[in-house]
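Reader: I have this model open at my bench and would love a close look at one part of it, the sheet and what lies around it. Could you walk me through that part?

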Amino acid sequence: MLPGTIHTAVEEIEADGLFIHLNSLQEALQDEGDTDFSGLVEVLGQLAEDLPFPVLLKTCGNGLSDQTVRKLAGLPIAGIE
């Protein structure tokens, strides 16, 4: 989804920000799942920079490792759940 489309969707539902749900385990288990996460940290950082409202990250089911949280900590995101 492009930043402009995301911006429009968030405005239409009058949300205060965007929570991005990360679910690598589900992707890995699905036949059609995408398991290539290369460049994801950079994409999330750019997205958060481009959007005029808070962007937060959340994982579903399997949590985030210390190593992953350290990679995400330098991004311009509002928080990690």
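**The sheet and its surroundings**

Author: Happy to. Strand β2, residues 55-59, pairs with β3 in the parallel sense over two bridges. One spot to find on your screen is Leu56, whose bridge partner in β3 is Gly79. Please keep in mind throughout that this is a predicted model.

Now step back to the whole sheet. Three strands make up an open sheet, in the order β1-β2-β3, and the pairing is parallel. The edges are taken by β1 and β3 (79-80), each of which has a single partner strand, so one side of each is left without a neighbour in the sheet. As for what holds such an arrangement together, strands of a sheet pair through backbone hydrogen bonds, either parallel or antiparallel.

How does the sheet fit into the chain? The secondary structure comes to four helices and three strands, and reading along the sequence gives the pattern α-β-α-α-β-α-β. Of the contacts with a separation of 6 or more, 67% are between residues 24 or more positions apart.

Gly17 offers a nice example of such a link. Gly17 sits in the loop between α1 (3-12) and β1, yet its C-alpha atom is separated by 5.9 Å from that of Val55, 38 residues apart along the chain. Leaving aside neighbours within four places in sequence, Gly17 is in contact with Val10, Phe53 and Pro54. Is Gly17 buried, partly exposed or exposed? Its relative accessibility is 23%, and because buried means under 20%, Gly17 counts as partly exposed. In the chain as a whole, buried residues make up 22% of the 81 residues.

From β1 you can also move on to the largest pocket, which holds about 580 Å³ of space. Among the 23 residues lining this pocket, the closest to its centre are Leu22, Ser24, Phe37, Leu40 and Thr68. The elements that give two or more residues to the lining are β1 (18-22), α2 (24-29), α3 (40-50) and α4 (66-73). Helix α3 supplies the largest share, four residues. By class, the lining of the largest pocket has nine nonpolar, ten polar and four charged residues.

Finally, a word on the overall frame. The C-alpha trace spans about 35 × 30 × 20 Å along its principal axes. The chain exposes about 5600 Å², with carbon and sulfur atoms supplying 52% of that area.

Key: Residues are numbered from 1 along each chain as its sequence is written. This is a predicted model: local features need pLDDT of at least 70, side-chain atom pairs count only at pLDDT 80 or more; totals for chains, interfaces and linings use all residues. Side-chain values use heavy atoms; hydrogens and water are left out. On a 1 Å grid over the protein atoms alone, a cavity is a set of points where a 1.4 Å probe fits but cannot get out, and a pocket is an open set with protein on both sides within 12 Å along at least five of seven lines; lining residues have an atom within 4 Å of a point. Grid points are joined across faces, edges and corners, and a volume is the space filled by probe spheres set on the points. Ala, Val, Leu, Ile, Met, Phe, Trp, Tyr, Cys and Pro count as nonpolar, Asp, Glu, Lys and Arg as charged, and the others, Gly among them, as polar. Buried means under 20% relative accessible area, exposed over 50%, partly exposed in between (1.4 Å probe, protein chains only). Contact means heavy atoms within 4.5 Å. Accessible areas come from the Shrake-Rupley method with a 1.4 Å probe; for residues, only the protein chains shown count as cover. Two strands pair if DSSP finds at least two bridges between them.
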